[in-house]
Amino acid sequence: MPDIEVLLPDGSARTLPEGSTAHDLAASIGPRLAADALAAMVDGVPRDLNTPLHTGSRVSIVTPASDEGRDILRHSTAHVLAQAVTRLWPGAKYAIGPTIRDGFYYDFALPGGAHFSDDDLARIEEMMRVIIGEDQPFVRHEHSIDDALGLFRDQPYKLEIIEAVRRGEADDELDDVGDATAVSTYENSPSFRDLCRGPHVPSTGRLGHFALTRVAGAYWRGDEHNEQLQRIYGTAFESDDALAAHLHQLAEAERRDHRRLGQELDLFSFPGELGPGLAIFHPKGGTMRRVMEEYSRARHVAGDYEFVYSPHITKADLFETSGHLQWFAEGMYPPMELDEGQRYYLKPMNCPFHVLIFKSRQRSYRELPLRLFEFGSVYRYEKSGVVHGLTRVRGMTQDDAHIFCTREQMGEELSNLLTFVLNLLRDFGLREFYLELSTRPPGKAVGTDEEWAEAEATLASVAEAAGLALVRDEGGGAFYGPKISVQVGDAIGRTHQLSTIQLDFQTPQRFDATFVGADNARQRPIMIHRALFGSVERMMAILIEHYAGAMPTWLSPDQVRVLGVRDAHDEYAREVVRVLRADGVRASVEAADEPLGARIRRAKMEKIPYVVVVGDQDVSARSVGVNARGSNDPERGVPLDDFRRRLLDQIAAHGSPEDD
RNA sequence: GCCUGGGUAGCUCAGUCGGUAGAGCAGCGCAUUCGUAAUGCGCAGGUCAAGGGUUCGAAUCCCUUCCCAGGCUCCA
């Protein structure tokens with residue numbers, strides 16, 4: 001019998017009898033691997049374990065504790081979920097059940113329009129464990145389109161997918177179950193099969209370390225005009241330990257949640273009296289915000305920005321001219337009718353005001369680039385279901401600037417701007433970045449093809465020159481121009497979109513903004529919109545979560561808490577505070593009405609960078625005891641002036657006590 | 001806007017079968033004076049989100065509205 005030879009990931013070759021499968025390969029390498037194997041990568045494509053191998057193929061065995069392995073576990077668990085739901089709700093229609101980051105979901109339509117409740121999750125999990133206990137095989141079949149339509153005649157969503165495959169429209173991952181002539185299915189039992197590209201684990205008995213996490217509504221094909229399906233989210237891992245570790249990660253994210261920390265640290269709140277998405281900043285949150293804004297202002301002064309101000313409300317004309325009313329009226333607060341039918345709007349954007357400032361007199365090319373900066377408060381009528389803490393609000397303040405420049409200046413201006421942005425973000429302790437380029441949105445954009453092409457090409461070349469990873473976000477641009485956004489990685493590996501830089505050829509035209517060129521002719525400026533924090537509120541939320549509330553000393557609302565050991569030391573404690581405050585340090589005393597331990601504990605819970613304790617020795621030696629945040633052993637007898645110097649250096653360097 | 005789950009003291013939460021409101025922390029008062037993460041005692045604090053309904057009786061059951069959370073859609 002002829003043999004076949006396959007290549008393993010380490011570069012070695014292995015000879016197997018003709019007709020051998022990926023499972024046979026795993027078995028030939030070792031019994032442990034054979035027992036662990038879930039699937040195989042054959043020439044870079046994931047395949048079932050019973051796939052026959054061919055000479056020359058590069059094969060690696062997929063085991064549970066790998067990205068591919070977990071993906072297959074989750075995908076197979078999603079099938080078990082669908083089967084469990086069809087057993088518990090006979091007649092349930094199942095739509096799609098893909099894997100997502102850290103888990104999977106499956107969408108259903110229940111008979112009679114029924115909905116899942118949270119209590120159903122436990123019942124469904126129980127049924128899933130029954131199915132896993134049955135150790136049903138996952139059997140792959142190929143079907144012609146017509147046969148598939150027959151097999152799924154009771155499953156309208158599957159029929160839609162099959163029809164899309166037939167038309168060759170199944171281009172995204174969710175629908176990629178075959179080519180225009182055939183589709184694949186996986187059969188678990190005579191009563192359950194699902195349309196699927198695969199691969200899957202050999203049998204349901206290989207699953208089990210899973211949890212269903214929540215129920216949600218979700219629109220069919222993600223379109224709010226379609227019916228809403230019932231979605232169940234879950235996750236699965238290679239072991240119970242890995243599952244527990246994942247749940248621990250979720251708990252860590254919850255511990256850092258800025259809404260929770262905002263409450264605990266007395267930074268801000270969302271009183272019901274104000275309405276959704278409207279925050280008030282308490283003194284400590286106000287201090288943090290003021291420090292952020294003051295630093296930003298100083299950077300912008302250094303960057304040759306001019307500071308401007310504009311009102312929060314304006315007549316409709318302005319937003320008709322800008323095009324916002326045409327495209328985003330639904331996202332704006334409804335107008336107030338004043339002065340015999342004049343409609344006034346709360347501003348959702350600052351740009352039209354800045355254009356008016358540009359237009360307030362004749363401009364010369366000698367003034368360009370003209371950079372107008374404003375902490376501009378804007379109001380957006382976000383849909384009720386989307387507001388979220390400080391990250392998605394209805395009233396916010398943007399660190400907004402608009403740069404007017406010539407076409408020739410555009411490239412250099414953008415590239416300087418990107419450096420400016422990244423330096424500012426680094427000054428706030430953010431270190432990991434990548435860029436996203438959002439291009440022309442189909443169906444809602446103004447401007448010519450040439451203008452868009454030029455704008456996109458300019459942004460792309462600037463982004464590439466920055467040397468950061470660049471991801472394309474096709475169709476994600478604003479209606480007036482493409483944008484680069486800076487995506488920032490935080491301390492627990494999440495990414496947030498922060499800064500945006502948008503190129504705009506349209507607004508200057510709409511407002512007929514011009515400058516006089518060196519040739520004495522009127523020319524059209526280019527406009528660059530840019531917000532670095534995005535909004536001050538959102539930036540604060542991201543920083544709070546990044547630092548888990550333990551802010552670097554310069555951003556910390558309270559920097560030093562001075563505690564006398566006994567009330568006899570309170571006077572010296574106040575003296576220490578006076579010394580520090582003279583240098584602008586935010587320091588305070590808590591009088592010795594309570595035991596020292598209790599006062600220290602309170603200061604620690606407030607995440608104050610330095611707790612300074614002073615007793616008899618300190619009063620006589622003019623020293624302090626320094627208990628730094630994050631440290632377990634306080635220093636005794638530090639000369640006050642030494643502490644003061646260290647503190648001021650750390651503040652200037654934007655450091656944290658944890659860095660020392 | 002849609003789906004699911006919530007809303008009890010400033011905060012975190014308990015409250016059984018429908019029988020009339022509880023704890024810890026925080027606050028206030030008094031005592032305590034202490035060298036590195038909770039001193040003791042006492043006091044006060046509530047339209048149980050709001051409105052309506054069922055009931056002899058509602059925090060509890062029903063309806064409406066508001067607000068919050070997790071998703072979906074949206075995000076100039």
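A polar contact is a pair of N or O atoms within 3.5 Å. The structure treated in these exercises is a predicted model.

**Exercise 1. Polar contacts to the bases**

Task: Find which atoms of Glu594, Ala592 and Arg392 lie close enough to bases of RNA strand B to count as polar contacts.

Solution:
1. Take Glu594: a backbone N or O atom of this residue is 3.4 Å from a base nitrogen of RNA strand B. The cut-off is 3.5 Å, and the pair at 3.4 Å counts.
2. For Ala592, a polar backbone atom is 3.0 Å from a base nitrogen of RNA strand B.
3. Arg392 uses its side chain: one of its polar atoms lies 2.6 Å from a base oxygen of RNA strand B.
4. Next, list the elements that give two or more residues to the surface near RNA strand B; among them are β12 (210-219), β13 (228-236), α18 (596-605) and β33 (623-628).

**Exercise 2. The surroundings of RNA strand B**

Task: State how many residues surround RNA strand B and which are the closest, then divide the residues of this surface into nonpolar, polar and charged.

Solution:
1. RNA strand B is surrounded by 61 residues.
2. The closest are His115, Tyr219, Gln228, Arg601 and Asn627.
3. On the RNA side, 52% of the atoms that come within 4 Å of the protein belong to sugar and phosphate.
4. By residue class, the surface has 22 nonpolar, 20 polar and 19 charged residues.

**Exercise 3. A three-stranded sheet**

Task: Give the strand order of the open sheet that holds β3, β4 and β5, and explain why one side of β4 and of β5 has no neighbour in the sheet.

Solution:
1. The order is β4-β3-β5, and the pairing is antiparallel.
2. β4 (45-47) and β5 (59-62) are at the edges with a single partner strand each, so one side of each lacks a neighbour in the sheet.
3. On average, neighbouring strands of this sheet are turned by 30° against each other, direction ignored.
4. Strand β3 (residues 39-42) pairs with β5 over four bridges. Ala39 stands opposite Val62 in β5.

**Exercise 4. An aromatic pair**

Task: Classify the ring pair formed by Phe108 and Phe116, and say whether these residues are buried or exposed.

Solution:
1. The whole structure contains 24 aromatic pairs.
2. In the pair of Phe108 and Phe116, the ring centres are 5.8 Å apart and the planes stand at 85°, so the pair is edge-to-face.
3. Phe108 and Phe116 are both buried.
4. Both belong to one aromatic cluster with Trp89, Tyr94, Tyr106 and Phe192.

Key. Residues numbered from 1 in each chain as written. Chains lettered and ligands numbered in written order. Predicted model: local features only at pLDDT ≥ 70, side-chain atom pairs only at ≥ 80, totals over all residues. Heavy atoms only, no water. Pairing = 2+ DSSP bridges. Axes fitted to C-alpha atoms, helices over the stretch in contact; angles between N-to-C directions. Near = heavy atom within 4 Å. Polar contact = N/O pair within 3.5 Å; in protein donor to acceptor, adjacent residues only side chain to side chain. Nonpolar A, V, L, I, M, F, W, Y, C, P; charged D, E, K, R; others polar. Phe/Tyr/Trp six-rings, centres within 6.5 Å; stacked < 30°, edge-to-face > 60°. Buried < 20%, exposed > 50% of the residue type's maximum accessible area, 1.4 Å probe, protein only.
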